[in-house]
Amino acid sequence: QKTSFHRSQTLGYKNGYAFSRLPREGVGGDLLFANQLSQDELDDLCTKGSTLTYGQVRRSAPSSFTPAFVAYDKKVLKFDAYFQEEVAISAEEHYRIRQVGIYYYLEDDSMCVIEPKVKNSGLVQGKLMRRHRVPKNEQGDYYHWKDLNLGIDLTMYGRTYRLVNCDSFTKVFLESQGIEVNPPEEMVSDPYTEQRRTPVQKPIVPAGPDPFRQFLTYDTKVLRFYAIWDDTNCAFGDHHPCVIHYFLADDTVEVREVPRRNDGRDPFPVLMRRQRLPKIFVDKNKNFPSCVLEITDHEVQEWYSPKDFAVGKSVTLLGRTFLIYDCDKFTQDFYREKYGITDFQPVDVNKKPIEKAPQVIPPYNGFGIPEDSLQNCLSLFPKPPRKDIIKMLENNLKILRYQVALESPVPEDKNRRFILSYFLSDDTIGIYEPPVRNSGIPGGKYLKRTRVTKPGSTPENPIYYEPSDFTIGSTVEVFGHRFVITDADEYVLNYLERNAESFPAATLQSIRDHFHPRQVVVETASSGFPKKDLDDLIVEVQKELKLHHEPFNTRKFHEAFHHFDTEGSGFLDKTRFLNVCDRFHVPTSTILLKKLIDYCSCGEDKVNYRDFLLAFPS
């Protein structure tokens, strides 16, 4: 009854690899039941073979494969060996034994030869043959671990190595592979190296006197003394620190000068070369020349010896006297053992510090400022006095201006007015005289900017003028000239009020009392006349002056007010003020003039003529 006999697909590809899978349905689409066998039963079915005579035969499972580079990784056979090397250029040795280690790497059958490095051997040691497969013969064969054993000669690249021993791993490995390991041999040493290691026998010193006994006993033993050579008796002489070396090997003496920093002398190493120094000469014949090139033993009765040197003693060497003030520890031990001397107290040769004479500052000569003149006494190249930079930055462009009058018995100087400017940045004072035409006195700079001392101060302790010294009516003495302060700038009042804690109350009150009448005038004017009305009033007065046919001499008008204001306060009595106006016949209407006078009036008897003169520009 079955008509479909097709089979399921069991072969396929996944990610580029071919694989097989179990069929999902039977032939013709029949239903397949799930496999109920375990994995072990399935493995047994795979290993069973069909036979009709003896039944099923069980096959062994295939063994797992392990590559050689994994099985023998980091497994190395080590053999101790040596080889003989010829030495053709040495008279002391004809050959040399060099001990090496031969390493055989099981993972790739490669070999290398390494010689341990010996310090100061003079040979190129280390890796003598790099790791690679070593050829065995000309047929292309390579050495194998089966070719290695103890007690054999191994020739590689023309050099024959004698294998004498191996480590425990090598021995166990060879025996596990069925190779009988030969007994180890003794490592041969280098005869020349063994000869060098043999201690040298010291020569027997004879008991009797020997010319070389002193040299052999005291070689490299030197007595060191620290001395001072006093050369102050000569011109430009000084105390020279020196070191005296006494060589015990041949009784010679050497003197070296110790250079000091910035002593002004060339640093030469040796003052007296190493030589034997005579102490006492034999009496010479009078006819024998006193200048000779060399001194023989027959001419010297006694040479200098260690007993002639001691701490605190002066010795004369070739005409120079040295005072020994100390010695080193070896010298002290030598004298303590041989001569029994125990006193080695050093002598103090340090110079006493010279008392520095106090510097006397000469009196001030009057040229320049005292601080600047003082720099000529402090250094050869004078430098400008240091300035207070912080004060200069904080008080830059801050100037207090005062109007001063000159006190002078000369009548022409009574009406002279000056502007005294105090610069807060550096406490300097400058005086300027405004020029007045036809006065006969040229105006301009009267005193350049400088610091002014108060009368009675000394050049050693100068006291300079400060802002607290400037009050209305006070006298300022500037280099013999006396000035009386009559007025101040409004900035002075504002500055003193902002910094009231830094100035005396009397100074601030003096400035306030001086500016109080002006403040009353300003308050009166501002209450009666607005600022705009005042400007319009001044414009109208100036228009009438322009319309007048005869020119009005405003310069003489100004000079007349300043002439009557002897105190320079800017105020005049109302009667005198009206007399001046009547004398010059001001060419304006009476109404405008009265309004202007009412504006400038301060109370009933004072008029601020400076505000009044704003309508009459010079």
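Two strands count as paired if DSSP finds at least two bridges between them, and helices (H or I, at least four residues) and strands (E, at least two) are DSSP runs numbered from the N terminus. Keep that in mind as you click around.

Before you start: this is a predicted model, where local features need pLDDT of at least 70, side-chain atom pairs count only at pLDDT 80 or more, and totals for chains, interfaces and linings use all residues. Residues are numbered from 1 along each chain as its sequence is written, and side-chain values use heavy atoms, with hydrogens and water left out.

**Whole chain**

Show everything as a cartoon. The chain has 15 helices and 25 strands. Of its 618 residues, 31% are buried, meaning under 20% relative accessible area with a 1.4 Å probe, protein chains only (exposed is over 50%, partly exposed in between). Take the contacts (heavy atoms within 4.5 Å) between residues at least 6 apart in sequence: 50% of them join residues at least 24 apart.

**Stop 1: a sheet of 6 strands**

Select 76-86 for β3 and 159-166 for β8, then bring in their neighbours. The open sheet runs β6-β5-β4-β3-β8-β7, with antiparallel pairing. Which strands stand at the edges? They are β6 (126-132) and β7 (153-156), each with a single partner strand, so one side of each has no neighbour in the sheet. From one strand to the next, the twist averages 30°.

Zoom in on β4 (95-105) and β5 (110-115), an antiparallel pair joined by 5 bridges. Label Tyr 105 and you'll find its bridge partner in β5, Ser 110. Now add 168-176: this is helix α3, lying across β3 and β8 at about 110° to β3. Axes here are lines fitted to C-alpha atoms, for helices over the stretch in contact, and angles run from 0 to 180 degrees between N-to-C directions.

**Stop 2: another sheet of 6 strands**

Next, pick 222-230 (β9) and 320-327 (β16), which run antiparallel and share 5 bridges. Ile 228 has Leu 323 in β16 as its bridge partner. The open sheet around them is ordered β12-β11-β10-β9-β16-β15, again with antiparallel pairing. Its edges are β12 (272-275) and β15 (314-317); each has a single partner strand, so one side is left without a neighbour in the sheet. The twist averages 35° between successive strands. Add 329-338 to see helix α6 lying across β9 and β16, at about 110° to β9.

**Stop 3: β19 and its partners**

Select 428-433. Is β19 buried or exposed? In this strand 5 of the 6 residues are buried, so β19 is largely enclosed by the rest of the structure. β18 (417-423) joins β19 through 5 bridges, running antiparallel, and Ile 419 stands opposite Tyr 432. Their hairpin has 4 residues between the strands, and there Asp 427 takes a positive phi near 60°. β20 (444-450) also pairs with β19 in the antiparallel sense, over 4 bridges, with Thr 450 as the partner of Ile 429.

**Stop 4: two packed helices**

Finish with α12 (554-564) and α13 (574-584), packed at about 155° with axes 11 Å apart. The pair is therefore roughly antiparallel (under 35 degrees is roughly parallel, over 145 roughly antiparallel, 65 to 115 roughly perpendicular, the rest oblique). Show side chains: Lys 556, Phe 557, Ala 560, Phe 561 and Phe 564 in α12 meet a set in α13 that includes Arg 576, Phe 577 and Val 580.
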